[in-house]
Amino acid sequence: MKPEARAAILLLLPAMTLITVFYLIPVAGSAVLSATDFDIYSVGDASHTRFVGFGNYAKLLHNALFWRALTNTLYYSLVGGPLTILIALGAALLLNSKLARFKPLFRTIYFAPVVTTLVAVAVVFRFLYHSRVGLLNRILDVFGVAPIDWLGDPRWAMPALILFAVWKNFGYAAVIFMAGLQNVPEELYEAARIDGAGPIRQFRYVTLPELDPTFVFVALITAIGFLQAFAEPYVLTPEGGPLNSTVTIVMLMYREGFRWWNMGYAAAVAFVLFALVILGTLAQRFIRRAR
């Protein structure tokens with residue numbers, strides 16, 4: 001073995017050991033668990049565990065709550081994800097503008113929700129969404145709009161949740177976009193201005209193409225984060241909202257695994273979520289290559 005190869009193996013060994021112990025082995029164990037009916041009785045006596053193969057997955061397909069959770073998760077991701085990216089890009093463009101002042105202050109303000117404890121801000125938003133004394137309904141009342149039961153009405157619970165998630169998460173994407181904008185060579189904008197391109201054409205033909213790698217990264221992490229939504233609906237709507245209107249895949253997995261102790265069934269739900277994340281990643285790669 002060459003010295004370079006031996007050195008590479010020695011350098012990779014600590015990281016690969018950690019990845020194997022804390023990621024690959026648990027994933028393999030979960031895959032095996034999803035093919036069993038492991039439950040609370042199996043904790044005390046493993047002989048109660050039976051191999052059911054794809055039985056848990058077949059059971060999922062006939063579970064109406066699973067399809068509701070899947071629909072809610074896709075709705076939450078397909079609306080909240082793009083909205084987060086658009087708002088983050090707009091904030092980054094404003095902060096990157098030469099006319100902007102107090103840039104460090106506004107960067108701190110935009111990023112503050114990301115590092116703020118979710119439970120604390122969720123409590124604040126519960127008061128903002130209050131059906132009688134909430135600030136949002138007070139504002140609507142000024143314009144003559146009837147009060148909305150944001151967290152108690154099945155029609156409004158998910159939009160309220162998306163609004164909260166976008167506010168909580170857009171700051172991180174905005175910082176990433178700002179880093180990408182600062183890496184765009186100024187010479188490209190100067191050449192575009194010489195060719196007679198206005199601000200809109202500069203944004204379309206210079207900024208967006210140069211931000212393509214940044215868009216891919218932000219889209220991936222945003223999509224994965226929204227598909228794994230749990231903390232936001234769990235804190236704002238503890239039981240999944242009215243008529244299960246905010247139940248997500250991860251919340252269903254939590255219910256089955258840690259409330260009802262159907263660990264095998266919960267592992268199957270987890271692998272369905274894993275498949276969704278993989279499909280979302282592949283779809284974004286396909287769209288990027290096609291473009």
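Trp-261 sits in the loop that joins helix 13 (249-259) to helix 14, and its phi is near 60 degrees, a positive value in a residue other than glycine. Keep in mind that this is a predicted model. The chain holds 14 helices and zero strands. Below you'll find the loops, the overall build, a kinked helix, two pockets and a few single residues.

**Loop residues with a positive phi**

- Most residues other than glycine have a negative phi.
- Trp-261 goes the other way, with a positive phi near 60 degrees.
- Trp-261 has 34% relative accessibility, so it counts as partly exposed.
- Phe-102 also has a positive phi, near 55 degrees, and it isn't a glycine either.
- You'll find Phe-102 in the loop between helix 4 and helix 5 (103-115).
- Phe-102 counts as exposed because its relative accessibility is 55%, and the cut-off for exposed is over 50%.

**Overall build**

- Reading from the N terminus, the order of elements is α-α-α-α-α-α-α-α-α-α-α-α-α-α.
- Along the principal axes, the C-alpha atoms fill a box of roughly 75 × 75 × 35 Å.
- The chain has 291 residues, and 34% of them are buried.
- Take the contacts with a separation of 6 or more: 66% of them are between residues 24 or more positions apart.

**Helix 1 and its kink**

- Helix 1 covers residues 3-33, which is 31 residues.
- From first C-alpha to last, helix 1 reaches 42 Å, close to the 45 Å expected at 1.5 Å a residue.
- Helix 1 has a kink of about 40 degrees, and Thr-20 is at the centre of that kink.

**The largest pocket**

- Rolling a probe the size of a water molecule over the atoms shows where empty space is left.
- The largest pocket holds about 580 Å³ of space.
- There are 21 lining residues, and those closest to the pocket's centre are Ala-219, Ala-223, Gly-280, Gln-284 and Ile-287.
- Three helices each give at least two residues to this lining: helix 4 (64-96), helix 11 (212-227) and helix 14 (263-290).
- Sorted by class, the lining of the largest pocket has 12 nonpolar residues, five polar and four charged.

**The second largest pocket**

- The second largest pocket comes in at about 490 Å³.
- This pocket is lined by 14 residues, and Asn-96, Ser-97, Tyr-189, Gln-202 and Thr-207 are the closest to its centre.
- Helix 4, helix 8 (154-182), helix 9 (186-194) and helix 10 (199-210) are the elements that contribute two or more lining residues here.
- Helix 10 gives the largest share of this lining, with four residues.
- By class, you get six nonpolar residues, five polar and three charged in the lining of the second largest pocket.

**Gln-202, a residue by the second pocket's centre**

- Gln-202 is part of helix 10, and it is among the lining residues closest to the centre of the second largest pocket.
- Is Gln-202 buried or exposed? Its relative accessibility is 11%, so it counts as buried; the cut-off for buried is under 20%.
- Setting aside neighbours within four places in sequence, Gln-202 contacts Tyr-189, Ala-192, Arg-193, Ala-197 and Thr-207.
- Two of those partners, Tyr-189 and Thr-207, are also listed among the lining residues closest to the pocket's centre.

**Phe-274 in helix 14**

- Phe-274 belongs to helix 14, one of the helices that supply the lining of the largest pocket.
- With 44% relative accessibility, Phe-274 counts as partly exposed.
- Phe-274 and Glu-186 are 88 residues apart along the chain, and their C-alpha atoms are separated by 41 Å.

**Ser-131 and its surroundings**

- Ser-131 is in the loop between helix 6 (118-128) and helix 7 (135-142).
- At 30% relative accessibility, Ser-131 counts as partly exposed.
- Which residues does Ser-131 touch, not counting those up to four places away in sequence? They are Asn-137, Pro-147, Ile-148 and Asp-149.
- Ser-131 and Asp-153 are 22 residues apart in sequence, and their C-alpha atoms are 10.0 Å apart in space.

Definitions and conventions:
Residues are numbered from 1 along each chain as its sequence is written. This is a predicted model: local features need pLDDT of at least 70, side-chain atom pairs count only at pLDDT 80 or more; totals for chains, interfaces and linings use all residues. Side-chain values use heavy atoms; hydrogens and water are left out. On a 1 Å grid over the protein atoms alone, a cavity is a set of points where a 1.4 Å probe fits but cannot get out, and a pocket is an open set with protein on both sides within 12 Å along at least five of seven lines; lining residues have an atom within 4 Å of a point. Grid points are joined across faces, edges and corners, and a volume is the space filled by probe spheres set on the points. Ala, Val, Leu, Ile, Met, Phe, Trp, Tyr, Cys and Pro count as nonpolar, Asp, Glu, Lys and Arg as charged, and the others, Gly among them, as polar. The expected span of a helix is 1.5 Å times one less than its number of residues. The bend at a residue is the angle between axes fitted to the seven residues ending there and the seven starting there. Buried means under 20% relative accessible area, exposed over 50%, partly exposed in between (1.4 Å probe, protein chains only). Contact means heavy atoms within 4.5 Å.
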